[in-house]
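User: I'm new to this structure and would like a close look at one part of it, the place where the first ligand sits. Could you walk me through that spot and then show me a bit of what lies elsewhere?

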Amino acid sequence: MVARTVTDTLQRPLRDLRISVTDRCNFRCVYCMPKEVFGRDFAFMPKNQLLSFEEITRLARIAMAHGVRKIRLTGGEPLLRKDIEELVRSLAALRTPDGQPPDLAMTTNGTALAQKAAALKDAGLDRVTVSLDSLDDGVFQSMNDVAYPVAKVLHAIDAAADAGLGPVKVNMVVKRGLNDHDVVAMARHFRGTGHIVRFIEYMDVGESNGWKMDQVVPSAEVVAGINAVFPLEPVAANYGGETSQRWKYKDGAGEIGVISSVTQAFCSGCTRARLSADGKLFTCLFATAGHDLRALLRGGATDAEVEDALAALWGARSDRYSELRGANTRAVHKVEMSYIGG
Ligand code: SAM
Ligand code: SF4
Ligand code: SF4
């Protein structure tokens, strides 16, 4: 395979691949898969439409030859995909053109993590991000909408760290009037533990969550609230294109991150492609359509043909939805995050 780095029309290279391994989830988070839309009769993808582990690994190998360094498994809930550790093992065995393994991470709601952490680490997973929106059981259970308790997620976070999957990042989506009063408690709880909480602005992904701008808590407000209790100072980004802005506690108790996709868009450094569970490549989280790579794979395309398709798709990319949000086309049909992969 020919190694080549592709850049898009805004000179952004392809560096990260987020792979959704299933569109199913055992939670019904109100901001992601609200029950009214994802009810009992919702039609999830049949198994034969999902990419197989071999197909995913083949696409990841080709993407790595074109610049991808970081791979994140997501969904839906990735740990619901049977034998997911086998996919982790195959991906961990891939190498960049200069012989490096991928930086391999997973985002999960944590429900199956305590059982799986050791197997995932053994298979080659480097790190996990666990989503947890509140430490208050009433609030968290109403947000996940399946009455799942906080304590079990906290246990999963500890199990992941014990298995060597740390430092664990903890994602909290902050929604005005729902869990914004829990921000400081969250910061307090995880200070000094080595885990890093990332406060995420509630985004207008998909069409089903009824997003409104006044439900977004700007990251600046989150930082000010924490800083008033636990003084913070900014930290330089780890690498270009990092989505999270880092802040550390002045007393040395660790750091937090804020992801300000709404109030401070970071499209200019966006190097991420997303692969849906049925093999469509999306060049933006807010895309309205993906490009069907599964059809190529199942139609017998050679590696060279798939490479050409990938390079052409990325080369034509001009997405910068978040930067244009104000002026944006709310009328277009955006795909759901549980499908495209968060
Ligand atoms: N099920 C896994 C989980 O929840 O961690 C992985 C998939 S989930 C779609 C990935 C991340 O997207 C989670 O941290 C979730 O909180 C976040 N997310 C989902 N909908 C969101 C929204 N509307 N705005 C901001 N973040 C969102
Ligand atoms: Fe499931 Fe994750 Fe979406 Fe919550 S955020 S509904 S856990 S996919
Ligand atoms: Fe990247 Fe699209 Fe998000 Fe901008 S809106 S940061 S281009 S995924």
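Analyst: Let's start with Asn-209: an N or O atom in the side chain of Asn-209 is 3.4 Å from a nitrogen atom of ligand 1. Keep in mind that this is a predicted model. Ser-131 also uses its side chain, with an N or O atom there sitting 2.6 Å from an oxygen atom of ligand 1. With Met-203 it's the backbone instead: one of its N or O atoms lies 2.9 Å from a nitrogen atom of ligand 1. Taken on its own, ligand 1 has 540 Å² of accessible area, and the protein covers 95% of that.

Who else is around? The shell of ligand 1 has 20 residues, and the ones that come nearest are Gly-76, Ser-131, Asn-171, Met-203 and Met-337. So you meet Ser-131 and Met-203 again here, as partners in the contacts described above. Sorted by class, the shell holds 10 polar residues, 8 nonpolar ones and 2 charged ones. As for the elements that build it, β3 (103–108), β5 (169–174) and β6 each put in at least two residues.

Let's follow β6 a little further. The strand β6 (196–201) is one of the elements that the buried residues of α7 pack against. The others are α6 (183–190), β7 (232–235), β8 (245–249) and β9 (255–259). Which residues of α7 are buried? In this helix, which covers residues 219–229, they are Ser-219, Val-222, Val-223 and Ile-226. If you look down the axis of α7, those buried residues fall within an arc of 95°, so they line one face of the helix. Turn to the face that points away from the buried side and you'll find Ala-220 and Ala-228, both exposed.

Between β7 and β8 there's a loop, and Thr-243 is part of it. Is Thr-243 buried or exposed? Its relative accessibility is 16%, so it counts as buried. Leaving out residues up to four places away in sequence, Thr-243 touches Val-258, Ile-259, Phe-266 and Arg-272. Lys-212, on the other hand, is 31 residues from Thr-243 in sequence and 22 Å from it in space, going from C-alpha to C-alpha.

Back to β5 for a moment. The loop between α5 (150–162) and β5 contains Pro-167, and the peptide bond that joins Gly-166 and Pro-167 is cis, with omega at about -5°. On the other side of α5, in the loop that links α4 (137–144) to α5, is Ala-147. Phi of Ala-147 is near 60°, which is a positive value in a residue other than glycine. At 49% relative accessibility, Ala-147 counts as partly exposed. Gln-11, in the segment before β1 (16–20), has a positive phi too, near 65°. Gln-11 is exposed, with a relative accessible area of 59%.

Finally, a look at ligand 3. There are 13 residues around ligand 3, with Cys-267, Cys-270, Cys-284, Leu-285 and Ser-322 closest. Two elements, β10 (272–275) and α10 (321–324), give two or more residues to that shell. Its classes come out as 7 nonpolar, 5 charged and 1 polar, while the shell around ligand 1 has 8 nonpolar, 2 charged and 10 polar.

Key. Residues numbered from 1 in each chain as written. Chains lettered and ligands numbered in written order. Predicted model: local features only at pLDDT ≥ 70, side-chain atom pairs only at ≥ 80, totals over all residues. Heavy atoms only, no water. Buried < 20%, exposed > 50% of the residue type's maximum accessible area, 1.4 Å probe, protein only. Helix = DSSP H or I, 4+ residues; strand = E, 2+ residues; numbered from the N terminus. Arc of directions from axis to C-beta. Contact = heavy atoms within 4.5 Å. Near = heavy atom within 4 Å. Polar contact = N/O pair within 3.5 Å; in protein donor to acceptor, adjacent residues only side chain to side chain. Areas by Shrake-Rupley, 256 points an atom, 1.4 Å probe, with all protein chains shown as cover. Nonpolar A, V, L, I, M, F, W, Y, C, P; charged D, E, K, R; others polar.
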